[in-house]
Amino acid sequence: MKKQILSLAVIALLSFGVQSCEDKKANKPEDELTLGNKVDSLTTDIEEVKDSAVVKAENAAEKAKAATEEAKEKTKETIEDVKDATKKGAEKVEAAAKAAKDGTVKTAKDVNEALKK
């Protein structure tokens with residue numbers, strides 16, 4: 001009787017061990033599938049990060065281009081302002097010189113007054 005109980009216990013242990021091995025074998029393809037999914041997920045994440053970086057770089061380039069164009073326009077405006085101011089100053093000096101030459105202005109004070117006009 002003891003031998004029969006021991007035999008049944010050994011058979012039970014063996015069957016439990018076989019079932020455990022079968023469960024592990026069944027899990028391995030799922031683990032591989034999960035690993036594959038993880039790789040796919042990481043690949044997708046990397047592509048999204050690359051795309052995001054490209055978009056950010058393009059946006060930064062557009063902003064830089066716009067800033068450059070604005071700076072060019074401001075420079076042109078400043079150049080025109082300087083030209084106009086120089087021209088007006090030259091005209092005033094010329095007018096004062098003519099007045100001095102014509103004899104209509106006799107003192108430095110009169111020259112300053114002519115320059116102000």
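**Entry 1: Glu69 and Lys72**

I started with Glu69 and Lys72, which sit three residues apart in helix H1 (residues 2–102), about one turn of the helix. I am working from a predicted model, so I keep that in mind throughout. Next I looked at how their side chains meet, and I found a salt bridge with an N to O distance of 4.0 Å. Side chains of opposite charge can pair when their charged atoms come close. I then checked exposure: Glu69 is partly exposed, at 39% relative accessibility. Lys72 is partly exposed as well, with a relative accessible area of 46%.

**Entry 2: Glu80 and Lys83**

How many salt bridges does a search of the whole structure find? I noted two, so I went to the pair formed by Lys83 and Glu80. Their closest N and O atoms are 3.9 Å apart. I looked up the spacing too: Lys83 and Glu80 are three residues apart in helix H1, and that puts about one helical turn between them. For Glu80 I wrote down a relative accessible area of 41%, which means partly exposed.

**Entry 3: the negative patch**

Which residues form a negative surface patch? I listed Asp45, Glu47, Glu48 and Asp51. I traced one of them, Asp51, to helix H1.

**Entry 4: the coiled-coil record**

I turned to UniProt, where an unreviewed entry lists residues 50–85 as "coiled-coil region". I compared that with the model: over residues 50–85 the chain is 100% helix and 0% strand. The C-alpha atoms at the two ends of that stretch are 52 Å apart.

**Entry 5: the chain as a whole**

I stepped back to the overall picture. I counted two helices and zero strands in the chain. What share of the 117 residues is buried? I got 3%. For the accessible surface of the chain I have about 10600 Å², and 61% of that belongs to carbon and sulfur atoms.

Note on methods
Residues numbered from 1 in each chain as written. Predicted model: local features only at pLDDT ≥ 70, side-chain atom pairs only at ≥ 80, totals over all residues. Heavy atoms only, no water. UniProt positions renumbered as here; feature names shortened; annotations may be inferred. Helix = DSSP H or I, 4+ residues; strand = E, 2+ residues; numbered from the N terminus. Buried < 20%, exposed > 50% of the residue type's maximum accessible area, 1.4 Å probe, protein only. Areas by Shrake-Rupley, 256 points an atom, 1.4 Å probe, with all protein chains shown as cover. Patch = residues over 30% accessible without salt bridge, like charges linked within 9 Å, V, L, I, M, F, W, Y side chains within 5 Å. Lys, Arg positive; Asp, Glu negative; His and termini not counted. Charge placed at Lys NZ, Arg CZ, Asp CG, Glu CD.
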